[in-house]
Amino acid sequence: MSGAWAATTGDSAWADYQRTARVTSTTLLLKGGPLFDPAKVADNPGYYLLDIFEHEAEAAALWKSRRRRNRYWSEGEIRLRYQGVELLPFGAVDDVSALWCYLVNLVDDFLDTGRGYCDYPDQPLPVVLETVKRTVFFSAEGKRVMVEPVPFLSSLLDEAQRFFDWTERNLGERLLVRPLEEMRERVREEPGGWQL
């Protein structure tokens with residue numbers, strides 16, 4: 001992938017590609033009670049889900065109110081997009097705090113071995129990040145997407161950091177124990193386990 005471009009980092013086509021090869025995310029909280037039909041959430045997300053960044057104060061108040069009844073509550077959905085493609089399944093409501101931690105661990109495992117794997121916290125939805133024949137793929141629920149490793153990994157860690165900063169700022173909770181900078185540095189160095 002990196003070798004496919006015969007361009008320098010300053011080349012405008014390469015710079016444009018690097019920008020589009022970044023992950024963006026939306027973290028949504030479940031507004032109502034328990035759901036039994038993920039299709040309803042996928043069909044009408046605005047009714048069931050609240051974007052924590054778009055509605056920061058309302059989302060923080062909702063989270064705090066739910067936490068008074070259940071200390072571990074963080075039900076919602078994470079949406080990850082890469083080059084316009086949704087990476088995670090719509091309607092897969094789960095524990096967003098745990099899922100963000102699992103995604104960080106997925107990156108860490110990938111950096112160590114060339115393969116990272118996790119399931120959603122409360123359901124058997126596998127998420128895989130792996131190198132196959134010198135190409136990196138992100139897979140979830142049967143969808144496999146080829147990714148450009150350095151911008152993909154660094155931007156996925158940026159999005160995780162954004163979520164953890166939100167929880168610390170709005171809930172006073174530090175959910176991420178170790179800083180992500182060490183992993184970002186490893187991504188920039190392209191360790192041999194997945195170097196292209």
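The crossing of helix 5 and helix 7 is left-handed in this predicted model. Helix 5 covers residues 96-113 and helix 7 covers residues 181-189, and their axes come within 11 Å, crossing at roughly 40°. That angle makes helix 5 oblique to helix 7. On the helix 5 side, the residues involved are Val104, Val107, Asp108, Leu111 and Asp112, and they meet Met183, Arg186 and Val187 of helix 7. Sorted by class, the residues of this contact are 5 nonpolar, no polar and 3 charged.

Helix 5 has another partner to look at, helix 6. Helix 6 spans residues 149-171 and packs against helix 5 at an angle of about 150°, with the axes 10 Å apart. The two count as roughly antiparallel because their angle is over 145 degrees. Their crossing is left-handed. From helix 5 come Val96, Ser97, Trp100, Cys101, Val104, Val107, Phe110 and Leu111, which touch Leu153, Leu156, Leu157, Glu159, Ala160, Phe163 and Phe164 in helix 6. The class split here is 13 nonpolar, 1 polar and 1 charged. Val104, Val107 and Leu111 turn up in the contact with helix 7 and again in the contact with helix 6.

That leaves the pairing of helix 6 with helix 7. Their axes come within 9 Å and cross at roughly 170°, so these helices are roughly antiparallel to each other. Val150, Leu153, Ser154, Leu157, Asp158 and Gln161 of helix 6 meet Met183, Arg184 and Val187 of helix 7. By class that gives 5 nonpolar, 2 polar and 2 charged residues. Met183 and Val187 are in this contact and also in the one with helix 5. Leu153 and Leu157 likewise meet helix 7 as well as helix 5.

Now for a few single residues in these helices. Ser155 sits in helix 6 and is buried, with a relative accessible area of 1%. Leaving aside residues up to four places away in sequence, Ser155 touches Ala21, Arg22 and Val23. Glu189 belongs to helix 7 and, at a relative accessible area of 55%, is exposed. Its C-alpha atom is 9.1 Å from that of Val150, a residue 39 positions away along the chain. Val150 is one of the helix 6 residues that meet helix 7.

Outside this trio, Val41 lies in helix 2, which runs over residues 38-43. Val41 is buried, with 0% relative accessibility. In sequence Val41 and Phe90 are 49 residues apart, yet their C-alpha atoms are 7.6 Å apart in space.

What about the cysteines? Cys101, part of the contact between helix 5 and helix 6, counts as partly exposed at 24% relative accessibility. Cys118 is buried, with a relative accessible area of 8%. The disulfide count comes to 0, since a disulfide would need a pair of cysteine sulfur atoms within 2.5 Å.

Two loop residues deserve a look for their backbone. Arg134 has a positive phi, near 65°, in a residue other than glycine. Its loop joins strand 7 (126-132) and strand 8 (135-140). Glu141 isn't a glycine either, and its phi is positive at about 50°. Glu141 is in the loop between strand 8 and strand 9 (143-147). Both side chains' residues are on the accessible side of the scale: Arg134 is exposed at 57% relative accessibility, and Glu141 is exposed at 53%.

Here are the accessibility values side by side:

| Residue | Relative accessibility | Class |
|---|---|---|
| Val41 | 0% | buried |
| Cys101 | 24% | partly exposed |
| Cys118 | 8% | buried |
| Arg134 | 57% | exposed |
| Glu141 | 53% | exposed |
| Ser155 | 1% | buried |
| Glu189 | 55% | exposed |

Stepping back to the whole chain, the protein has 7 helices and 9 strands. It contains 196 residues, and 47% of them count as buried. Counting contacts with a separation of 6 or more, 57% are between residues 24 or more positions apart.

How values were computed: Residues numbered from 1 in each chain as written. Predicted model: local features only at pLDDT ≥ 70, side-chain atom pairs only at ≥ 80, totals over all residues. Heavy atoms only, no water. Axes fitted to C-alpha atoms, helices over the stretch in contact; angles between N-to-C directions. Helix = DSSP H or I, 4+ residues; strand = E, 2+ residues; numbered from the N terminus. Parallel < 35°, antiparallel > 145°, perpendicular 65-115°, else oblique. Left-handed = near helix turned anticlockwise from the far one by under 90°. Contact = heavy atoms within 4.5 Å. Nonpolar A, V, L, I, M, F, W, Y, C, P; charged D, E, K, R; others polar. Buried < 20%, exposed > 50% of the residue type's maximum accessible area, 1.4 Å probe, protein only.
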